Amino acid sequence: MKYAFGLYFLVLLTGRVDCFSQNPVNPTGIILPSKHISLDAGFNVSLPAHDDLMRTHTLGLGITARAMVPISKRWNIGIRAEFDHRFAKKNYPDSVLKFTNKHSNYSMMSLKPGVQFNFRPRYFAGLGAGMAYVMLQNDSKTGFGFVEEFDGSTQIGYSMEIYAGKKFNYWHGRKNLALSIYWLFFYAERHGESAVGLRSSYLFSR
């Protein structure tokens, strides 16, 4: 009996999924999320854009991954997970540091829901906002605390990004690659730090 019930449930579930896949657009023009989820992942490189970080740190390298769902022909919504590692300068003025002995490379992990507007099949722009966690390499409890405006243990804050880019053909004429420039902002305790960068992503699905 339980096998029959399980089979019935499987058939019912399959039927409902098939129903969504056969009807991706409702009468108001909103696309249902069925099989239209798109995934992309890639790398980014960035430089500090605020004077505090410009004095103490330099190049940042990171990885990024995102899932998106179209809600219309022009608009997508999604969520991005990102990890960045920024390198400290070897020579820096001691006068700008609050905790000189704790100054080192740092990593920032962020999770940002966002929205994207597609101008044309190739061009896009968007923004995202969420939370970020910062960890200093030599002291995991300090975070961004080496910046004078923070209180010395700033690990969690708000993260926001604005970006614009273009898709490129790579495989069988499909737009598999995307390049974008972005501005990244971290905010906590009424103070912010920012960076500008270049992101390269591979589009696994459209």
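**Notebook: cavities, core and rings**

I opened with one ring: Phe-144 is buried, because its relative accessible area is 2%, under the 20% limit for that class. I should say right away that I am reading a predicted model.

**Entry 1: the partner of Phe-144.** I looked up the aromatic pairs next, and there are eight of them in the structure. In one of them, the rings of Phe-144 and Phe-186 have their centres 5.0 Å apart and their planes at 55 degrees, so I noted this pair as tilted. Phe-144 sits in the loop between strand 5 and strand 6, while Phe-186 belongs to strand 7, so the pair ties together parts that are 42 residues apart in sequence. Is Phe-186 buried or exposed? I found a relative accessibility of 2%, so Phe-186 counts as buried.

**Entry 2: the residues beside Phe-186.** Phe-185 and Tyr-187 make an aromatic pair too, and this one is stacked, with 6.2 Å from centre to centre and 25 degrees between the planes. I checked how open each of them is. Phe-185 has 24% relative accessibility and so counts as partly exposed. Tyr-187, at 33%, also counts as partly exposed. I also jotted down an aromatic cluster formed by Trp-75, Phe-117 and Phe-119.

**Entry 3: the core.** Which residues have the most contacts inside the largest nonpolar core? My list reads Tyr-106, Met-108, Val-134, Phe-144, Phe-146, Phe-150 and Phe-186, in a core of 18 residues. Strand 4, strand 5 and strand 7 each give two or more residues to this core. The largest share, five residues, comes from strand 7.

**Entry 4: Met-108 and Phe-83.** I picked Met-108 from that list and looked up its contacts, leaving aside neighbours within four places in sequence. Met-108 is in contact with Glu-82, Phe-83, Asp-84, Ala-132, Tyr-133, Val-134, Leu-184 and Phe-186. That led me to Phe-83, which lies in strand 3. At 31% relative accessibility, Phe-83 counts as partly exposed. Not counting residues up to four places away in sequence, Phe-83 touches Leu-61, Gly-62, Ile-63, Ser-107, Met-108 and Met-109. The C-alpha atoms of Phe-83 and Ser-107 are separated by 7.2 Å, although these residues are 24 apart along the chain.

**Entry 5: the largest cavity.** How many cavities of 30 Å³ or more does a search of the whole structure find? I counted three. The largest has a volume of about 110 Å³. Its lining consists of Leu-53, Asp-84, Arg-86, Tyr-106, Met-108, Phe-144, Leu-184, Phe-185, Phe-186, Glu-193, Ser-194 and Ala-195. Strand 3 (75-88), strand 4 (106-118), strand 7 (174-188) and strand 8 (191-203) each supply two or more residues to this lining. By class, I noted eight nonpolar, one polar and three charged residues around the largest cavity.

**Entry 6: the second largest cavity.** This one has a volume of about 80 Å³. It is lined by 14 residues, and those nearest its centre are Arg-66, Gly-114, Val-115, Leu-127 and Tyr-163. Two or more lining residues come from each of strand 2 (57-70), strand 3, strand 4, strand 5 (123-136) and strand 6 (156-171). Which strand gives the most to this second lining? My note says strand 4, with five residues. The classes here are six nonpolar, four polar and four charged residues.

**Last note.** I ended where I began, with Phe-144: this residue is on my list for the core and on my list for the lining of the largest cavity.

Definitions and conventions. Residues are numbered from 1 along each chain as its sequence is written. This is a predicted model: local features need pLDDT of at least 70, side-chain atom pairs count only at pLDDT 80 or more; totals for chains, interfaces and linings use all residues. Side-chain values use heavy atoms; hydrogens and water are left out. On a 1 Å grid over the protein atoms alone, a cavity is a set of points where a 1.4 Å probe fits but cannot get out, and a pocket is an open set with protein on both sides within 12 Å along at least five of seven lines; lining residues have an atom within 4 Å of a point. Grid points are joined across faces, edges and corners, and a volume is the space filled by probe spheres set on the points. Helices (H or I, at least four residues) and strands (E, at least two) are DSSP runs, numbered from the N terminus. Ala, Val, Leu, Ile, Met, Phe, Trp, Tyr, Cys and Pro count as nonpolar, Asp, Glu, Lys and Arg as charged, and the others, Gly among them, as polar. A nonpolar core is a set of buried Ala, Val, Leu, Ile, Met, Phe, Trp, Tyr and Cys residues joined through side-chain atoms within 4.5 Å. Buried means under 20% relative accessible area, exposed over 50%, partly exposed in between (1.4 Å probe, protein chains only). Contact means heavy atoms within 4.5 Å. Rings of Phe, Tyr and Trp (its six-membered ring) pair if their centres lie within 6.5 Å; planes under 30 degrees apart count as stacked, over 60 as edge-to-face and the rest as tilted.
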